[in-house]
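Let's take a friendly walk through this model, looking at how two helices pack and how a few charged side chains are placed.

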Amino acid sequence: MNDDLETKFFRRGPAEIAKLKEKGATTKVVPTGFNVVMTHVWRCKALSEVDDDDNDDDREERSSLLSRVLYSVDLRSRLGPQVLPRSYTGNAVLRTYSATTYGQMEGGPFSSLVEIVREGLLRVTEDYVR
């Protein structure tokens with residue numbers, strides 16, 4: 001990856017993350033920094049796979065395909081003290097995922113993608129872990 005592209009898409013400071021948070025906000029929730037950065041990286045990766053030379057049939061077929069992203073969730077704040085006592089010093093992580101179509105990635109609003117990532121995190125409850 002060349003340095004210009006890497007700088008443009010992946011090196012984000014507090015001001016850029018704040019702009020992404022504004023762009024990802026909905027009437028339901030104010031997104032976290034993790035949600036917007038995860039969404040941004042996922043969307044950039046998914047859309048980088050799109051070939052501008054594809055014909056309309058290829059684009060239509062691809063728009064219905066699912067794109068998934070896997071990410072780790074820290075379980076400490078999601079599990080009660082009876083499961084993980086404060087003295088526990090090991091790792092407590094679990095993978096979860098978010099998924100949507102390429103069509104939604106290309107044409108949908110950024111805020112709806114942020115909500116999809118948020119829903120993936122909300123799936124990880126104490127019952128889900130057990």
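Which residues in α3 meet which residues in α6? Before the answer, please keep in mind that this is a predicted model. On the α3 side, the contact is made by Phe-34, Asn-35, Val-36, Met-38, Thr-39, His-40, Trp-42 and Arg-43, and their partners in α6 are Phe-110, Leu-113, Val-114, Ile-116, Val-117, Arg-118 and Leu-121. Sorted by character, the residues of this contact comprise 10 nonpolar, three polar and two charged.

Now for the geometry. Two packed helices are described by the angle between their axes and the distance between the axes. Helix α3 covers residues 33-48, and its axis comes within 9 Å of the axis of α6, with a crossing of roughly 115°. Angles of 65 to 115 degrees count as roughly perpendicular, and α3 and α6 are therefore roughly perpendicular to each other. Their crossing is right-handed.

Next come the charged pairs. Side chains of opposite charge can pair when their charged atoms come close. How many salt bridges does a search of the whole structure find? The search finds two, and here they are with their N to O distances:

| Salt bridge | Distance (N to O) |
|---|---|
| Arg-118 with Glu-115 | 3.1 Å |
| Glu-126 with Arg-130 | 2.9 Å |

Arg-118 and Glu-115 both belong to helix α6 (residues 110-122), where they sit three residues apart, about one turn of the helix. Arg-118 is also among the α6 residues that meet α3. Are the two partners buried or exposed, or partly exposed? Arg-118 has a relative accessibility of 23% and so counts as partly exposed. Glu-115, at 12%, counts as buried, because buried means under 20% relative accessible area. In the other salt bridge, Arg-130 is exposed, with a relative accessible area of 64%.

One more arginine deserves a look. Where is Arg-78 found? Arg-78 lies in the loop between β1 (66-74) and β2 (93-101). With a relative accessible area of 27%, Arg-78 is partly exposed. Not counting residues up to four places away in sequence, Arg-78 touches Val-73, Leu-121, Val-124 and Glu-126. Two of these names have come up already: Leu-121 is one of the α6 residues that meet α3, and Glu-126 forms a salt bridge with Arg-130. As for Val-124, its C-alpha atom is separated from that of Arg-78 by 7.6 Å, although the two residues are 46 residues apart along the chain.

Key. Residues are numbered from 1 along each chain as its sequence is written. This is a predicted model: local features need pLDDT of at least 70, side-chain atom pairs count only at pLDDT 80 or more; totals for chains, interfaces and linings use all residues. Side-chain values use heavy atoms; hydrogens and water are left out. A salt bridge is a side-chain nitrogen of Lys or Arg within 4 Å of a carboxyl oxygen of Asp or Glu. Helices (H or I, at least four residues) and strands (E, at least two) are DSSP runs, numbered from the N terminus. Buried means under 20% relative accessible area, exposed over 50%, partly exposed in between (1.4 Å probe, protein chains only). Axes are lines fitted to C-alpha atoms, for helices over the stretch in contact, and angles run from 0 to 180 degrees between N-to-C directions. Angles under 35 degrees count as roughly parallel, over 145 as roughly antiparallel, 65 to 115 as roughly perpendicular and the rest as oblique. A crossing is left-handed if the near helix is turned anticlockwise from the far one by less than a right angle, and right-handed if clockwise. Contact means heavy atoms within 4.5 Å. Ala, Val, Leu, Ile, Met, Phe, Trp, Tyr, Cys and Pro count as nonpolar, Asp, Glu, Lys and Arg as charged, and the others, Gly among them, as polar.
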